[in-house]
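Okay, thanks for coming, everyone. Let me put the structure up on the screen and then walk you through it piece by piece.

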Amino acid sequence: EAEQRQRNQSAAEYARQQWAGAHRAEANHPYLVSKGIKPHTLRQSGDVLLVPLIHDGKLVNLQRIYPDGSKRFLRGGMVKGCYSLIGRIIEGQPVYVCEGWATGATIFGESGHAVACAMNCGNLLDVGKHLQRTRPLAVLIIAGDNDRQTEGNPGRTAAIKAAAALGCGLVLPPLPDDAPLNLSDFNDLRQWRAAQ
């Protein structure tokens, strides 16, 4: 446990150094263009996008997104209970909790409401608990993925379980019957509709 804390601490320090040395993300970054989203608060180091993960208001980790769309967290960095926030959480207003950052940017662009990107389906519940504890007056809504091609549909299953455990709202992408099976999240759906 002490070793894990030390790894978390080292990764957090490195994340803060990387973040401080990076510049505002460029809107023409290949990943952002492919997803049809704005950079919002992202930063960029070389050709790598930096997605900030916060815990208790502090930057503790980064997700690095490469031009080809591959993603990596900092080694030893915290992920559980951490999230990347897009927008501002306002009392009495919805705050969506979703998986990926592109999905979150899409939901924010469509709704104008704050989005906490949990990075994976296994983290939806932890992020939701953290927000309920720290922002009890915000209206929490889990925005799940619908992984129709993956056995057990982990995105949908985790979202339903998290919403039930938290007693909060739940939305899933309204995928039409004729939508390709590889569409699973709100960004996929928006991009597919835009191409029609």
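Let's start where two helices meet: A102, T103, T106, I107 and E110 from α3 touch F186, N187 and R190 from α6. If you sort that contact by residue class, you get three nonpolar, three polar and two charged residues. Before I go on, please keep in mind that this is a predicted model.

So how do the two helices sit against each other? In general, you describe a packed pair of helices by the angle between the axes and how far apart those axes are. Here, α3 covers residues 101-111 and α6 covers residues 186-195, and they pack at about 65 degrees with the axes 7 Å apart. Which residues of α3 are buried? W101, A102, T103, G104, A105, T106 and I107 are. And just after α3 comes G112, which has a positive phi, near 80 degrees.

Okay, let's zoom out. The protein chain has six helices and 10 strands. Its radius of gyration comes out at 16 Å, close to the 16 Å the globule rule gives for 196 residues, so the chain is as compact as a globular protein of that length. If you like box dimensions, the C-alpha trace spans about 45 × 40 × 35 Å along its principal axes. As for burial, 45% of the 196 residues count as buried. And take the contacts in the chain with a separation of 6 or more: 55% of those come from residues 24 or more positions apart.

Now the sheets. A quick reminder for anyone who hasn't looked at one in a while: strands in a sheet pair through backbone hydrogen bonds, and they can do that parallel or antiparallel.

One open sheet has five strands in the order β1-β2-β3-β4-β5, and its pairing is antiparallel. At its edges you find β1, residues 23-24, and β5, residues 71-73; each has a single partner strand, so one side of each is left without a neighbour in the sheet. If you want one pairing to look at, take β1 with β2, residues 43-45: that's antiparallel over two bridges. H23 has Q44 in β2 as its bridge partner. What lies across this part of the structure? Helix α1, residues 2-21, lies across β1, β2, β3 and β4, and α1 runs at about 70 degrees to β4.

There's also an open five-stranded sheet with mixed pairing, and here the order is β6-β8-β7-β9-β10. Its edge strands are β6, at 84-86, and β10, at 169-171, each of which pairs on one side only. From one strand to the next, the twist averages 25 degrees.

Let me step through some of those pairings. β7, residues 94-98, runs parallel to β8, residues 114-117, and four bridges join the two. Look for V95 there: A114 in β8 stands opposite. β7 also pairs with β9, again in the parallel sense and over four bridges. For that pairing, P94 has V139 in β9 as its bridge partner. Then β9 and β10 run parallel too, joined by three bridges, and A143 stands opposite V171 in β10.

How covered is β9? Mostly: four of its five residues are buried. Helix α5, residues 154-166, lies across β9 and β10, and the angle to β9 is about 160 degrees. Put β9, α5 and β10 together and you have a right-handed β-α-β unit.

While we're on α5, have a look at I160, which sits in that helix. Is I160 buried or partly exposed? Its relative accessibility is 36%, so it counts as partly exposed. Compare its position with A143: the two are 17 residues apart in sequence, and 9.5 Å apart in space, C-alpha to C-alpha.

One last residue, and then I'll stop. H130 is in helix α4, which covers residues 124-134. With a relative accessibility of just 4%, H130 counts as buried. What does H130 touch? Leaving out residues up to four places away in sequence, H130 is in contact with D56, G81 and Y83.

Okay, that's my tour. Happy to rotate the model and go back to any of those spots.

Definitions and conventions
Residues numbered from 1 in each chain as written. Predicted model: local features only at pLDDT ≥ 70, side-chain atom pairs only at ≥ 80, totals over all residues. Heavy atoms only, no water. Pairing = 2+ DSSP bridges. Axes fitted to C-alpha atoms, helices over the stretch in contact; angles between N-to-C directions. Contact = heavy atoms within 4.5 Å. Nonpolar A, V, L, I, M, F, W, Y, C, P; charged D, E, K, R; others polar. Buried < 20%, exposed > 50% of the residue type's maximum accessible area, 1.4 Å probe, protein only. Right-handed = clockwise from strand over helix to strand, strands pointing away. Rg over C-alpha atoms; globule rule 2.2 N^0.38 Å.
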